[in-house]
Amino acid sequence: MNELIPLMVIIPIACGLLLNLLHKKDTAIKILAIVVAIVLPIIPLLSNYGLHYFGGHAPLIENPILLETLPSQISQSALAIFHPAITYSYESLQKLFIFVLGIVAFFAIFTSLNETKKVSGPYMFLMFMGTAAVTALLLSNDIFHMYIFFEIAALCQVGIILVSSTKENYETALKYMILGSIGGPLLLLGIGFILGAVGSVNISDIIYAINQNLVNPFSQTFLIGFGLILFGWLYASGLPPFHTIKSSIYSKALPHSAALLQSFTVVTFIAMGLVIFRIFSYLPFLKVIILVFSLIAMILGVTMAIIQTDIRRILGFLAVGELGYIGIGLGIGTTLSITAGLFQAVNEILITALLFIGFGTVFYLTNSSDTKKLGGLITQNPKIAIMVLLGGFAMAGVPPFNGFQSKLMIIESALKAGFPEISIIAVLVSIVTFMVFMKAFYSVYLKPKPQDLSIVNENIPKSTILSIAVLLIICLIIGLFPQLVTDNISPFVAGLI
């Protein structure tokens with residue numbers, strides 16, 4: 001077992017709890033938060049690939065007492081791989097996404113320490129706890145504990161919105177909690193149906209039982225379980241019909257925390273989407289369903305973004321639309337398309353974080369994100385305006401940035417798989433994304449400055465400028481050398497296919 005694997009979850013949880021105890025001690029909170037934030041992306045680089053069984057539990061065949069809990073239709077040949085313990089699986093894909101998540105968490109925390117007037121221990125606790133929960137969600141190899149970690153992450157997101165103290169944040173948090181009270185239990189119910197059919201929530205066990213014909217994967221129990229889990233995935237990811245509430249969450253959080261919340265969404269999308277793909281890949285209509293919801297997300301995302309006047313809401317809808325590109329990769333289902341989709345997921349985490357933090361400087365300067373009330377801010381800090389512009393190029397897929405590389409791979413994979421229509425839609429959505437972004441950029445930075453626009457803070461913190469610059473450099477480096485990312489994705493996809 002690799003003992004470093006659980007530290008990816010334990011360290012941020014322990015840090016969050018300690019920060020909560022240090023409430024009102026600003027200096028101690030800043031020091032501890034920065035130190036642990038630096039450690040977060042380092043741990044996955046030091047960890048070796050492998051499995052970690054909590055408590056050191058052996059397979060069921062070595063635990064005769066537990067054999068009685070299995071359904072009678074499970075044969076003895078299956079017992080050799082059935083595991084009752086919480087299992088973390090750490091491979092190249094987990095390494096990549098946990099590292100990228102750690103990078104975004106660091107910059108979100110680093111930026112928040114200077115942008116917020118008062119450092120809050122509970123606020124830092126929520127950010128670290130959410131990061132830990134999403135990391136555990138990605139590592140977990142059983143669907144029940146994925147559900148537990150997802151619920152923890154959802155509660156942290158609600159808490160972050162509440163403590164952000166923005167306009168109408170309480171209403172948005174309440175709406176998300178109400179939807180969560182429906183989506184969460186339905187997801188758990190779907191997991192219960194799968195458990196009842198197989199006798200295990202371990203993902204490897206479930207796949208083994210299906211492949212060895214130990215259960216009937218087309219039974220009503222399995223199909224109902226699939227439908228409920230799919231519904232939970234749509235809710236967790238913010239895909240239609242939940243795209244509106246997800247974009248609202250981003251718009252009601254502070255910009256740096258919105259960057260982190262978006263990374264939570266993308267990692268959740270990937271973790272749960274891959275589980276659905278692994279378990280239910282035998283269903284002939286699975287890929288069609290994923291493609292349909294992904295295309296709807298792309299179209300609705302850019303369409304809703306066009307009519308918005310709030311910068312953060314515009315970015316929120318564009319972020320939802322970008323999820324569709326990831327879904328297309330999974331839905332096409334080829335080695336190239338899945339690699340491209342996962343590559344797009346990495347890029348979306350980085351680019352959206354850059355834009356949320358970048359446009360967040362507007363909110364910091366003026367305490368407003370309404371494009372009707374903004375203008376002329378390029379004179380306030382032209383360097384940030386240029387970096388934000390380049391970040392928009394990256395999101396729209398303009399070379400030589402990383403968004404261009406992943407979207408080009410998605411278009412190529414669609415053409416090779418015989419879906420030219422999807423390629424056309426992907427290109428058109430990218431063009432519209434660019435137009436929407438440029439409209440927002442013009443409204444904020446280039447149009448004449450309104451006379452009644454007041455500047456609340458004259459100077460943008462250097463930590464914010466540094467965060468934007470480094471994220472932009474990372475996007476450029478990945479755009480020039482995409483193999484830095486794809487080489488970590490390809491081995492996982494090869495095993496998946």
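Reader: Which residues make the nonpolar surface patch, and what makes it a patch?

Author: Ile424, Val427, Leu428, Ile431, Phe434 and Met435 make the nonpolar surface patch, which covers about 540 Å². The term is reserved for residues with over 30% relative accessible area and no salt bridge, nonpolar side chains (Val, Leu, Ile, Met, Phe, Trp, Tyr) being joined within 5 Å and like charges within 9 Å; the areas come from the Shrake-Rupley method with a 1.4 Å probe, and for residues only the protein chains shown count as cover. The structure is a predicted model, in which local features need pLDDT of at least 70 and side-chain atom pairs count only at pLDDT 80 or more, while totals for chains, interfaces and linings use all residues. Residues are numbered from 1 along each chain as its sequence is written, and side-chain values use heavy atoms, with hydrogens and water left out.

Reader: Why is phenylalanine 434 called buried, exposed or partly exposed?

Author: Phenylalanine 434 has a relative accessible area of 30%, and since buried means under 20%, exposed over 50% and partly exposed in between (1.4 Å probe, protein chains only), phenylalanine 434 is therefore partly exposed. Its place is in helix α17, residues 420-446, where a helix is a DSSP run of H or I with at least four residues, a strand is a run of E with at least two, and both are numbered from the N terminus.

Reader: How do you know whether phenylalanine 226 is buried or exposed?

Author: Phenylalanine 226, which lies in helix α9 (residues 220-237), has a relative accessibility of 5% and therefore counts as buried. As for its position relative to methionine 127, the two are 99 residues apart in sequence and 31 Å apart in space, C-alpha to C-alpha.

Reader: What makes helix α10 a mostly covered helix?

Author: In helix α10 (residues 243-252), nine of the 10 residues are buried. Among them are His243, Lys246, Tyr250 and Lys252.

Reader: How many salt bridges does a search of the whole structure find, and what makes the contact of lysine 175 and glutamate 171 one?

Author: The search finds three salt bridges. Side chains of opposite charge can pair when their charged atoms come close, and the term asks for a side-chain nitrogen of Lys or Arg within 4 Å of a carboxyl oxygen of Asp or Glu. Lysine 175 and glutamate 171 meet at 3.1 Å, N to O, so the pair satisfies that limit. Because they are four residues apart in helix α7 (residues 169-198), about one helical turn separates them; lysine 175 is partly exposed at 44% relative accessibility, and glutamate 171 is partly exposed at 42%.

Reader: Why does the pair of glutamate 322 and lysine 407 count as a salt bridge?

Author: The closest N and O atoms of glutamate 322 and lysine 407 are 3.2 Å apart, so the pair falls within the limit for a salt bridge. This pair links distant parts of the chain, with glutamate 322 in helix α13 (residues 311-332) and lysine 407 in helix α16 (residues 402-416), 85 residues apart. Glutamate 322 counts as buried at 4% relative accessibility, and lysine 407 is buried with a relative accessible area of 4%.

Reader: What makes aspartate 310 and arginine 312 a salt bridge?

Author: Their closest N and O atoms are 4.0 Å apart, and the pair is a salt bridge. Aspartate 310 is partly exposed at 22%, whereas arginine 312 counts as buried at 11%.

Reader: Why is the lining of the largest cavity called nonpolar, polar or charged?

Author: A cavity is a set of points on a 1 Å grid over the protein atoms alone where a 1.4 Å probe fits but cannot get out, and lining residues have an atom within 4 Å of a point. The largest cavity holds about 120 Å³ of space and is lined by 13 residues, including Ile143, Leu187 and Met272. With Ala, Val, Leu, Ile, Met, Phe, Trp, Tyr, Cys and Pro counted as nonpolar, Asp, Glu, Lys and Arg as charged, and the others, Gly among them, as polar, this lining has 13 nonpolar, no polar and no charged residues. Helix α11 gives the most to the lining, with five residues.

Notes. On a 1 Å grid over the protein atoms alone, a cavity is a set of points where a 1.4 Å probe fits but cannot get out, and a pocket is an open set with protein on both sides within 12 Å along at least five of seven lines; lining residues have an atom within 4 Å of a point. Grid points are joined across faces, edges and corners, and a volume is the space filled by probe spheres set on the points.
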